[in-house]
Amino acid sequence: MVIFQMILQVILALIFLMSGAGKVKGVTEYEKGFEAYGLPAWFVRVTGIVEILIVILLILGFWFPITLLIGAVLTICVTIGGTLAHIRAKDDFVKMLPIIFVGIFAIIILIIA
């Protein structure tokens with residue numbers, strides 16, 4: 001189980017590293033997406049910073065289990081917010097699948113950690 005947990009940690013860290021870095025850098029596609037969801041453009045960077053924080057917590061989780069739990073809980077909060085934004089925008093279920101899977105991975109980490 002420990003190996004499976006570590007694999008999920010790495011997958012989540014990589015996902016949030018790519019996503020968070022793009023948001024912090026101010027990639028226009030993210031800003032357009034957030035505007036389409038009715039969110040202000042400045043919220044893109046805030047979300048990016050939170051995602052980078054999650055990456056740090058997940059990586060520290062290899063040595064400090066409490067940071068893994070905090071990172072997983074924060075991931076679940078981000079995925080709930082993202083899913084609600086998709087629902088509010090009336091997106092197709094298929095568009096929501098990536099964020100749903102991220103949330104499921106975080107829940108699995110909480111269960112087995």
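**Exercise 1. The pocket**

What volume does the largest pocket have? Work out, too, which residues and helices line the largest pocket.

*Solution.* Bear in mind that we're dealing with a predicted model here.

Step 1: start with the volume, which comes to about 730 Å³ for the largest pocket.

Step 2: go round the wall. The lining is made up of 26 residues, and those nearest the centre of the pocket are Lys-23, Phe-34, Gly-82, His-86 and Ile-99.

Step 3: assign the lining to elements. Two or more lining residues come from each of α1 (2-25), α2 (28-36), α3 (42-60), α4 (65-88) and α5 (93-112). The top contributor is α4, with seven residues.

Step 4: sort the lining by class. You get 14 nonpolar residues, seven polar ones and five charged ones.

**Exercise 2. Aromatic pairs**

Find out how many aromatic pairs there are, then classify the geometry of Phe-34 with Phe-43 and of Phe-62 with Trp-63.

*Solution.* Step 1: count the pairs whose ring centres lie within 6.5 Å. That gives three aromatic pairs.

Step 2: take Phe-34 and Phe-43. Their ring centres are 6.2 Å apart and the planes meet at 50°. Stacked would need under 30 degrees and edge-to-face over 60, so this pair is tilted.

Step 3: check how accessible these two are. Phe-34 has a relative accessible area of 11%, so Phe-34 is buried, while Phe-43 at 31% is partly exposed.

Step 4: now do Phe-62 and Trp-63. The centres are 6.2 Å apart here, but the planes are at 75°, which makes the pair edge-to-face. Phe-62 is partly exposed at 31%, and Trp-63 is exposed at 60%.

Step 5: look for a cluster. Phe-34, Trp-42 and Phe-43 belong to one. Phe-34 turns up again from Exercise 1, where it was among the residues nearest the pocket centre.

**Exercise 3. The nonpolar core**

Identify the residues that touch the most other members of the largest nonpolar core, and say which helix gives the most to this core.

*Solution.* Step 1: the core has 13 residues, and the ones touching the most other members are Leu-12, Phe-16, Leu-58 and Ile-109.

Step 2: map the core onto helices. Two or more residues come from each of α1, α3, α4 and α5, with α1 giving the most, four residues.

Step 3: zoom in on Leu-12. Skip residues up to four places away in sequence, and Leu-12 touches Leu-58, Val-102, Phe-105, Ala-106 and Ile-109.

**Exercise 4. Thr-83**

Is Thr-83 buried or exposed? List its contacts as well.

*Solution.* Step 1: place Thr-83 in helix α4.

Step 2: read off the accessibility. The value is 17%, under the 20% limit, so Thr-83 is buried.

Step 3: leave out neighbours within four places in sequence, and Thr-83 is in contact with Met-96, Ile-99 and Ile-100.

Step 4: compare with Leu-58 from the core. Thr-83 and Leu-58 are 25 residues apart along the chain, and their C-alpha atoms are separated by 21 Å.

How values were computed: Residues numbered from 1 in each chain as written. Predicted model: local features only at pLDDT ≥ 70, side-chain atom pairs only at ≥ 80, totals over all residues. Heavy atoms only, no water. Phe/Tyr/Trp six-rings, centres within 6.5 Å; stacked < 30°, edge-to-face > 60°. Buried < 20%, exposed > 50% of the residue type's maximum accessible area, 1.4 Å probe, protein only. 1 Å grid on protein atoms, 1.4 Å probe; cavity = no way out; pocket = protein on both sides within 12 Å on 5 of 7 lines; lining within 4 Å. Points joined across faces, edges and corners; volume = space filled by probe spheres on them. Nonpolar A, V, L, I, M, F, W, Y, C, P; charged D, E, K, R; others polar. Core = buried A, V, L, I, M, F, W, Y, C linked by side-chain atoms within 4.5 Å. Contact = heavy atoms within 4.5 Å.
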